[in-house]
Amino acid sequence: MSDSRPVVVIGGGLVGVCTAAYLQRAGHTVTVVDRQSARQAASLGNAGCINGSSVVPIAMPGVLWQVPGWLMQPDGPLVLRWRYLPRMVPWLLRFVAASQPARVSAQARALRALLGPALDAYQPLLDDANANDLVTRKGYLIAYSSQSGMSGDESGMALRRENGVQIETLDAGALREFEPTLSNDFIGARYISETGHTSDPGALLARLTTQVVARGGRVVDASATAIETNGVRAVAVHTDKGREAASAVVVAAGAWSAPFVRQLGDSIVFDTERGYHVEIPTPDEMPSRPVMWAEGKLFATPMNGRLRGAGTVELAGLQAPPNWRRADLLIRQLHKMFPGAVQGAKSTQSVDGARWQGFRPSTPDSLPVLGAASKVPNAFYAFGHGHVGLTAAASTGRTIAGLVNGDRPTLDLSPFSIGRFR
């Protein structure tokens with residue numbers, strides 16, 4: 001007899017909702033559990049890019065020697081709250097190990113296998129949710145404000161090329177023609193055409209969630225507190241509002257996933273990167289596609305009626321209050337990148353824009369955790385996507401739905417296994 005209980009997905013961000021959507025397409029009933037305030041956490045505030053070329057791990061060879069310099073810069077791309085350093089030591093040790101060249105190559109291959117089909121994986125979900133208007137395929141630019149920055153990025157470009165990414169190099173003149181809104185301070189760029197972006201991540205999440213509900217799914221506005229097992233299998237998820245019976249459980253809670261991993265008997269080295277974004281409302285001049293300032297570690301993305309700047313990394317955990325100086329840095333960088341957009345902003349609001357802070361679930365090797373729990377075969381992990389959650393959400397959902405169904409995965413899941421943290 002078939003199990004009439006739903007698959008319970010812990011986490012209502014894009015990864016969780018895409019997983020729920022693919023589970024429905026496979027014939028399962030679903031319940032998504034997440035509190036309203038968390039449901040849009042990382043999914044609302046990302047840079048909006050669906051970027052299958054994001055195969056370069058954070059832990060690259062030599063990056064360790066750059067960290068002290070970044071930390072000494074008040075406006076550098078990385079901030080560490082020193083009181084949090086003792087908590088970060090296990091993560092940092094794994095980070096150093098992950099930066100070895102052979103491991104970097106393997107991690108990049110694994111990321112490409114997951115991320116490369118991103119837009120294709122989204123397509124059926126966009127069609128179902130009538131959301132094609134929210135995704136544009138115009139590629140993106142990596143722009144450089146110095147020749148040393150362009151030269152220094154060659155190792156990352158080589159890693160992309162090794163994994164089948166087509167890259168076009170633009171000199172200053174070609175860049176002016178390609179993206180005339182960009183400041184003349186930029187000396188060149190690299191263009192990657194295969195990627196897309198969403199003009200409104202929050203609207204995309206809302207549209208996909210609405211479709212899950214329209215197909216009979218439940219979205220429970222509650223905090224998941226525990227996964228109940230019968231000693232062999234997961235049978236329910238407990239929340240602060242009650243118990244949700246389950247035929248299977250998917251942990252897709254992003255930065256809040258680690259406690260459930262421990263409840264299921266697994267171990268993980270896992271932490272949180274705090275990210276920020278700012279938005280300039282209704283600027284006159286907008287870029288036509290996302291532009292990353294390589295040296296500034298900033299993505300500028302055209303949204304519906306606004307220009308978003310997203311980036312920076314702050315290591316401070318889940319409890320510390322926001323450091324809005326990081327958002328102020330992004331505003332200054334947007335001023336430098338697109339001075340016409342800032343000066344032409346039409347709004348009763350300040351051109352300082354709206355500010356946001358959220359949490360990226362971060363593994364030391366930049367690979368998410370995907371697959372079954374090692375001791376509970378009907379519990380599945382789908383978290384830890386770091387900077388690529390929006391890109392990977394649909395591919396992840398398709399993969400996890402196949403695992404719940406008992407299908408043989410087409411993706412090699414060994415690099416993403418929870419077992420790598422033993």
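**Entry 1: a charge over a ring**

I began with R35 and W256 in this predicted model. The charged end of R35 lies over the W256 ring, at 5.3 Å from the ring centre. I noted the contact as a charge sitting over a ring, with R35 supplying the charge and W256 the ring.

**Entry 2: strand β14**

Next I looked up β14, which covers residues 248-251. In a regular strand, side chains alternate between the two faces of the sheet. I found A248 and V250 pointing one way and V249 and V251 pointing the other. Are these four residues buried or exposed? All are buried.

I then went through the neighbours of β14. Strand β1, residues 7-10, runs parallel to β14 and is joined to it by four bridges. Strand β21, residues 379-383, also pairs with β14 in the parallel sense, over three bridges. I followed V251 into both partners: I10 stands opposite V251 in the pairing with β14, and in β21 the bridge partner of V251 is Y381.

**Entry 3: aromatic pairs**

Y381 turned up again when I turned to the rings, as a member of one aromatic cluster with F270 and F383. I therefore have Y381 down twice, as the bridge partner of V251 and as part of this cluster, with β14 itself paired to β21.

How many aromatic pairs does a search of the whole structure find? It finds eight. I wrote out two of them, using the distance of the centres and the angle of the planes, by which a pair of aromatic rings is described.

The pair of Y140 and F299 has ring centres 5.5 Å apart and planes at 40 degrees, so I entered the pair as tilted. Y140 belongs to strand β6 (residues 140-144) and F299 to strand β17 (residues 298-303); the pair links distant parts of the chain, 159 residues apart. Both Y140 and F299 are buried.

The pair of F186 and W293 is edge-to-face, with 5.5 Å from centre to centre and 75 degrees between the planes. F186 sits in the loop between α10 (172-178) and β8 (188-192), while W293 is in strand β16 (residues 291-293). I noted a separation of 107 residues, so this pair too links distant parts of the chain. F186 and W293 are buried as well.

**Entry 4: the cavity**

Rolling a probe the size of a water molecule over the atoms shows where empty space is left. I found one cavity of 30 Å³ or more, and the largest cavity has a volume of about 60 Å³.

Which residues line the largest cavity? I listed A21, Q24, R25, L125, D128, A129, L208, Q211, V212 and R215. Three helices, α1 (14-25), α7 (118-129) and α11 (201-214), each supply at least two residues of this lining. By class, I counted five nonpolar, two polar and three charged residues around the largest cavity.

**Entry 5: the second largest pocket**

I closed with the second largest pocket, whose volume is about 290 Å³. Its lining has 16 residues, of which R398, T399, P409, T410 and L411 are the closest to the pocket centre. Two elements, α6 (101-115) and α15 (389-405), give two or more residues to the lining. Which element gives the most to the lining of this pocket? I found that α15 does, with seven residues. The lining of the second largest pocket divides by class into eight nonpolar, five polar and three charged residues.

Methods: Residues are numbered from 1 along each chain as its sequence is written. This is a predicted model: local features need pLDDT of at least 70, side-chain atom pairs count only at pLDDT 80 or more; totals for chains, interfaces and linings use all residues. Side-chain values use heavy atoms; hydrogens and water are left out. Buried means under 20% relative accessible area, exposed over 50%, partly exposed in between (1.4 Å probe, protein chains only). Two strands pair if DSSP finds at least two bridges between them. Rings of Phe, Tyr and Trp (its six-membered ring) pair if their centres lie within 6.5 Å; planes under 30 degrees apart count as stacked, over 60 as edge-to-face and the rest as tilted. A charge sits over a ring if NZ of Lys or CZ of Arg is within 6 Å of the ring centre and within 35 degrees of the ring normal. On a 1 Å grid over the protein atoms alone, a cavity is a set of points where a 1.4 Å probe fits but cannot get out, and a pocket is an open set with protein on both sides within 12 Å along at least five of seven lines; lining residues have an atom within 4 Å of a point. Grid points are joined across faces, edges and corners, and a volume is the space filled by probe spheres set on the points. Ala, Val, Leu, Ile, Met, Phe, Trp, Tyr, Cys and Pro count as nonpolar, Asp, Glu, Lys and Arg as charged, and the others, Gly among them, as polar.
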